[in-house]
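Subject: Structure handover

Hi there,

Here is the structure I promised to pass on to you. My notes on what turned up in it follow below.

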Amino acid sequence: MPRAVRCIERATFDHDLSKTVGDVFNAEWHAIEPAFDGWQRPAIEAARTSLAKVAVHFARNGVTDPQDLRVRLHAAMTRSHAAL
């Protein structure tokens, strides 16, 4: 199981919030994945894990609206990965 998935699954959220975080993570990764074409597999996994950790962080800090969470995730990834 990928580290990113484990990160989200291990977060102590209720079922609905876990699903929201997972769905938002998947949607955002799908949107940004093309920017990682040509990267080595370990670097891609590190980026996915980073995205998952940021999603969990925001959710733990009260960002539970899916649209708001996705906007914040995208902004965080854009700041940390100039290719986006």
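The chain has a mean pLDDT of 89, and 95% of its residues reach 70 or more; pLDDT is the predictor's confidence in each residue, from 0 to 100. This is a predicted model, so local features need pLDDT of at least 70 and side-chain atom pairs count only at pLDDT 80 or more, while totals for chains, interfaces and linings use all residues. Residues are numbered from 1 along each chain as its sequence is written, and side-chain values use heavy atoms, with hydrogens and water left out. Confidence is lowest in helix α1 (residues 3–10), at a mean of 77, and highest in helix α2 (residues 15–32), at 94. Helices here are DSSP runs (H or I, at least four residues), numbered from the N terminus.

Helix α2

For the 18 residues of α2, 1.5 Å a residue gives an expected span of 26 Å, and the end C-alpha atoms are 26 Å apart, which agrees. (The expected span is 1.5 Å times one less than the number of residues.) At the N-terminal end, D14 caps α2, with a side-chain oxygen 3.1 Å from the backbone nitrogen of D16. The buried residues of α2 include L17, V21, F25, E28 and W29, where buried means under 20% relative accessible area, exposed over 50%, and partly exposed in between (1.4 Å probe, protein chains only). Among the elements covering the buried residues of α2 are α1, α3 and α4.

Salt bridges

The count comes to 5 salt bridges, each being a side-chain nitrogen of Lys or Arg within 4 Å of a carboxyl oxygen of Asp or Glu. One of them pairs R70 with E28, the closest N and O atoms being 2.9 Å apart. R70 lies in helix α4 (residues 66–80) and E28 in α2, so this pair ties together parts that are 42 residues apart in sequence. E28 is buried, at 2% relative accessible area, whereas R70 is partly exposed at 30%.

Within α4, R72 bridges to D68, with the closest N and O atoms 3.1 Å apart. R72 and D68 are 4 residues apart, about one helical turn. R72 is partly exposed at 36% relative accessibility, and D68 is partly exposed at 31%. Elsewhere, salt bridges with shared partners join R41, E45 and R48 into one network. In that network, E45 and R48 have their closest N and O atoms 3.6 Å apart; both residues are buried, and they sit 3 residues apart in helix α3 (residues 41–60), about one helical turn.

Aromatic pairs

How many aromatic pairs does a search of the whole structure find? There are 2, counting rings of Phe, Tyr and Trp (its six-membered ring) with centres within 6.5 Å; planes under 30 degrees apart are stacked, over 60 edge-to-face and the rest tilted. The W29 and F36 rings have centres 5.1 Å apart and planes at 25 degrees, so that pair is stacked. F36 and W39 have ring centres 4.6 Å apart and planes at 75 degrees, so they are edge-to-face. W29, F36 and W39 form one aromatic cluster. W29 is buried at 5% relative accessibility and F36 at 2%, but W39 is partly exposed at 33%.

A76

A76 is in helix α4 and is buried, at 13% relative accessibility. Leaving aside residues up to four places away in sequence, A76 touches V54 and F58; contact means heavy atoms within 4.5 Å.

Best wishes

Methods
Helix = DSSP H or I, 4+ residues; strand = E, 2+ residues; numbered from the N terminus. Polar contact = N/O pair within 3.5 Å; in protein donor to acceptor, adjacent residues only side chain to side chain.
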